[in-house]
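Reader: I am in my first year and would like a close look at a single part of this model, the place where the two chains meet. Could you take me through it slowly, explaining each term as it comes up?

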There are 2 protein chains.
Amino acid sequence: MMQDSNNKSLSAYQQSYEALRDMILTGTIKQGTKLVEEKLATELGVSRTPIRESIRKLEQEGLIVNKRVVKLSETDLRNTFELRKLLEGHGARSAAAYMSEQEYLALERCVKIGRSGSLEAIMEANKEFHEIIMRASNNTLMIDLFDRMQSVIYLFRQTVVYHNRPFLIDEHQKICEAIGAHDGDTAEQLMKEHLQADLDFCLHQIR
Amino acid sequence: MMQDSNNKSLSAYQQSYEALRDMILTGTIKQGTKLVEEKLATELGVSRTPIRESIRKLEQEGLIVNKRVVKLSETDLRNTFELRKLLEGHGARSAAAYMSEQEYLALERCVKIGRSGSLEAIMEANKEFHEIIMRASNNTLMIDLFDRMQSVIYLFRQTVVYHNRPFLIDEHQKICEAIGAHDGDTAEQLMKEHLQADLDFCLHQIR
DNA sequence: ACTGATTATATTGTATACAAAAATAAATTA
DNA sequence: TAATTTATTTTTGTATACAATATAATCAGT
């Protein structure tokens, strides 16, 4: 009757995928936990079949490794940000060259919200900022990859008190300006520095 | 008794994954074909369960889209090479900075075989050349990604008469030299140019 | 002949049973 | 007691049945 809040004819697989992912992302299941198909199945009220598929999917997103919830290491963090620097650096360069006026306005809006919005709105706008730039790469392969990395990035953020990361909006603004000036070199460079600063901030907090 | 040549206690999933992948890569199943689980299952002598998992895996490698064998477009080709340029460019830069003497010798050997080996050996050495450099990135995330891209790259190659691509070994040698000289900028630059040349060669043949 | 509804068919999604393998606990021996 | 075997239990892999959905075919009515 009310065991699932949103039971609205989504496939069992989709439901259990999302449920499991959220349980991992929110820390309800904590890192390193062994996942047992049958246990999850009864817990989520479905059979093992959709659970299995969910696990496979989450494995390829990097949230599950070897039937265990991933334990993110410092190396994982570094590797992830190194890849982000490549992808988003490229995205920023492309944005400087090809971004539409409309998308650029949306980008500016993200910066503005970053300065004036509620905490919730700020977090959302900052995420959107990176998504818009990534879209400008116009490379679905990279965009899909970027999307798949979001879960792991989110999971890292859970470990870190992130909302007061200094200069974040200033950095976004600089990137935005470089894109507006169609200066690809600078945009790429600034994006890489921005992500490096992010990484350093995370690393600093972890230790 | 002899329906499978290599029946050596590999899991049904592993067997069917490899069989299906090879069928796609060799063109036995041609691009755009709708894949039906049950048909494949009886064909490969297993149940639908491992077939399903194989299909999922191949979907995430990009060989299957929507239960159909992918039809690689020119855009796919461009997108793939754009990503390769980022990854392998970075790999080359890292190689110039950090590659071990042993790995470097292996790299040189690949170039040498490229000049003197049999056609088969040359193809293999050229593939190895890129793998060695990618390993030097020392970033498992990128290396895994690179590995997963190989199937699609291979499939592209099937469309193209590739063995006589001009200057290929010369380009490899230049890259190798830049790595040996610990010149990261040049190594990255040359790798990107090399891949661009590869892309152009493919595009030229396709049309 | 074309369009839309209706039926039939094919295909996938999900549950479940059972066998194979892995992990754990118990028992034996040195 | 520690190490090694042998049972026992848990967990996963695979096959299969059935239900839900999507696809194709048939048939009416215009």
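Author: What follows is a walk through the interface of chain A and chain B, with a short look at the domains of chain A at the end.

This is a predicted model, in which local features need pLDDT of at least 70 and side-chain atom pairs count only at pLDDT 80 or more, while totals for chains, interfaces and linings use all residues. Residues are numbered from 1 along each chain as its sequence is written, chains are lettered from A in the order in which they are written, and side-chain values use heavy atoms, with hydrogens and water left out.

Taking contact to mean heavy atoms within 4.5 Å, the interface draws 18 residues from chain A and 19 residues from chain B. The size of an interface is often given as the accessible area lost when the parts come together. Here that buried area (found with a 1.4 Å probe and summed over both parts) is about 1700 Å², and carbon and sulfur atoms give 54% of it. Of the area that chain A buries against chain B, 27% is supplied by Asn79(A), Leu86(A) and Leu141(A), which is more than any other three residues supply.

Charged pairs also cross between the chains: there are 4 salt bridges between chain A and chain B, a salt bridge being a side-chain nitrogen of Lys or Arg within 4 Å of a carboxyl oxygen of Asp or Glu. One of them joins Glu53(A) to Arg56(B), whose closest N and O atoms are 2.4 Å apart. Polar contacts (N or O atoms within 3.5 Å, one able to donate a hydrogen and the other to accept it) link 10 residue pairs across this interface, with both residues at pLDDT 80 or more.

On the side of chain A that touches chain B, the elements giving two or more residues are H3, helix H4 (74-98) and helix H7 (140-159) of chain A, where a helix is a DSSP run of H or I with at least four residues. H4(A) gives the most, with 7 residues.

Within chain A, the domain assignment, which is automatic or from a database, gives domain 1 (12-69) and domain 2 (74-206). Between these two domains of chain A the buried area is about 660 Å², with 59% from carbon and sulfur atoms, and the count of salt bridges is 0. Helix H1 (12-25) and helix H3 (48-61) of chain A each supply at least two residues of the side of domain 1 that touches domain 2.

Technical notes: Polar contact = N/O pair within 3.5 Å; in protein donor to acceptor, adjacent residues only side chain to side chain.
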